[in-house]
Amino acid sequence: MNLLEKIKMPKKKADNPPPQVPVYWIENSESVSRHFQFEPDGQLLVKIVDDSRPVAYRMVESFRNKFFPSGYPYSVNEGYLRYTQFRALQHFTSAALSVLSTQSLLFAAGLRPTPAQATAVSWILKDGMEHVGKLLCSNLGARMDSEPKRWRILADVFYDLGTGLEVLSPLCPHLFLELAGLGNFAKGMAVVAARATRLPIYSSFAKEGNLSDLFAKGEAISTLFNVVGIGAGIQLASTICSTVQGKLVVGPLLSLVHIYCVSEEMRAAPVNTLNPQRTAMIVADFVKTGRISSPADLRYGEDLLFPGRLIEEAGNVMVGKALHKVVKPSELHQIKRTFPEEKFILHLGSRWTDMVLEHNATGEDALRGWLVAAYAADIGKCFNASSEIVLQDAYERMNIVFSPFLSELHSKGWHTDRFLDGTGCRFSL
């Protein structure tokens with residue numbers, strides 16, 4: 001074959017690559033067959049091929065998928081179900097109270113008190129005093145970080161006080177603007193406190209980095225039961241609560257249920273950040289029993305309304321006072337010499353121990369100071385020695401146990417990178 005023939009011969013077509021076969025498989029689990037398939041762009045498609053489960057079971061699973069985080073109950077921390085149950089009932093009673101209060105406002109304003117007018121009146125009254133309440137409450141953000149449970153309960157107390165004033169408005173219609181303004185002022189504070197504390201509470205349940213999922217499902221439950229509560233409120237407003245006397249009977253009952261539910265919600269939340277109360281409880285349990293309590297262990301022991309109580313087993317530590325009120329200038333050098341590398345100042349008093357933290361002190365620094373104070377209180381009961389010697393001995397004991405103590409804290413889920421002391425004073429040298 002010469003060169004000319006080779007040129008004239010038709011060229012062979014390049015072999016076409018074989019078509020890509022979709023990657024798919026079928027999984028059978030709990031009477032459900034699911035077809036899984038990867039698309040060419042890498043997206044995974046899931047289709048239910050067969051579902052032989054009872055209808056009721058499928059409805060329950062559908063509800064759980066819509067209102068609970070993915071992977072529940074294994075993707076959340078202990079207490080989430082109880083928290084959710086009381087949260088749902090809390091929103092139900094809150095929504096019902098809102099309908100009753102707005103109906104009362106309509107009656108006090110001289111309008112026909114139909115539930116359909118409640119929304120328009122509420123929007124008008126929200127402007128003004130409600131914004132003043134929001135502005136005042138926004139200055140308390142540091143305290144809300146330190147005690148989110150307490151401020152979440154106070155938020156609902158403020159809300160119920162506001163609705164209570166609105167319910168009472170028909171009894172004195174000449175004071176309509178005053179009662180409506182004060183009511184919305186309280187509600188404005190409640191809105192800020194509730195929103196500011198929502199993230200710390202949800203964070204306490206996040207177990208697998210699923211904070212957004214928790215937040216979304218929690219808001220879904222709140223929305224659902226708010227709608228149901230509004231329906232119940234409309235029914236109450238048109239029947240037994242159509243008069244002021246009926247509202248004065250039903251309103252306090254709904255308010256009591258509302259406050260009880262939010263308090264149970266907060267008790268169920270295992271907040272894992274360090275504040276004065278939780279730090280004192282951790283140290284007290286460790287000194288007494290030698291073990292570290294988890295956030296879930298301590299949640300029901302927290303004092304939600306008066307968190308500033310002193311705990312004797314933890315050294316009766318009081319944190320947050322100004323440095324010049326705790327030690328004299330002549331004593332400061334001696335104290336710093338006792339704790340040369342530490343970011344805290346301890347002053348042993350007759351009734352309590354004052355602790356002042358440096359500006360950049362972390363939760364670990366606060367724990368070290370608290371352990372020293374607890375050991376110093378224990379040593380002081382057994383030996384009659386000067387405060388300097390007592391603190392030196394307590395400091396040595398703290399250094400011996402602190403490394404395993406801190407490791408166990410982290411394994412229990414505590415976050416020690418920050419210490420949330422609210423508006424406590426700190427110092428820098």
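Begin by selecting helix H2 (residues 55–67) together with helix H9 (residues 211–237), whose axes come within 7 Å of one another and cross at roughly 115 degrees. Angles from 65 to 115 degrees count as roughly perpendicular, and H2 is therefore roughly perpendicular to H9. To see how the two helices meet, show the side chains of Phe63, Asn65, Lys66 and Phe67 on H2, and those of Lys217, Ala220, Ile221 and Leu224 on H9, since these residues make the contact. Coloured by class, the residues of this contact of H2 with H9 divide into five nonpolar, one polar and two charged. Keep in mind throughout the tour that this is a predicted model.

Now zoom out to the whole chain, in which 16 helices and nine strands can be picked out. Of its 429 residues, 44% are buried, and the accessible surface comes to about 23200 Å², with 60% of that area belonging to carbon and sulfur atoms. Where contacts join residues at least 6 apart in sequence, 70% of them link residues at least 24 apart.

Next, select helix H3 (residues 80–108), a helix of 29 residues that reaches 41 Å from its first C-alpha to its last, close to the 42 Å expected at 1.5 Å a residue. With the rest of the chain displayed as a surface, H3 proves to be mostly covered, as 22 of its 29 residues are buried. Following H3, stop at Gly110, which has a positive phi, near 90 degrees.

From there, move to Glu264, which is found in helix H10 (residues 244–268). Is Glu264 buried or exposed? The relative accessible area of Glu264 is 11%, which means that this residue is buried, the cut-off for that class being under 20%. Apart from neighbours within four places in sequence, Glu264 is in contact with Arg82 and Phe86.

Finally, keep H10 selected and add helix H7 (residues 148–168), which packs against H10 at an angle of about 170 degrees, with the axes 9 Å apart. Angles over 145 degrees count as roughly antiparallel, and H7 and H10 are therefore roughly antiparallel to each other. On the H7 side, the residues making the contact include Lys149, Arg152, Ile153, Asp156 and Tyr159, while on the H10 side they include Lys247, Leu248, His258, Met266 and Arg267. By class, this contact of H7 with H10 comprises nine nonpolar, three polar and six charged residues.

Key:
Residues numbered from 1 in each chain as written. Predicted model: local features only at pLDDT ≥ 70, side-chain atom pairs only at ≥ 80, totals over all residues. Heavy atoms only, no water. Helix = DSSP H or I, 4+ residues; strand = E, 2+ residues; numbered from the N terminus. Buried < 20%, exposed > 50% of the residue type's maximum accessible area, 1.4 Å probe, protein only. Contact = heavy atoms within 4.5 Å. Areas by Shrake-Rupley, 256 points an atom, 1.4 Å probe, with all protein chains shown as cover. Axes fitted to C-alpha atoms, helices over the stretch in contact; angles between N-to-C directions. Parallel < 35°, antiparallel > 145°, perpendicular 65-115°, else oblique. Nonpolar A, V, L, I, M, F, W, Y, C, P; charged D, E, K, R; others polar. Expected span 1.5 Å × (residues − 1).
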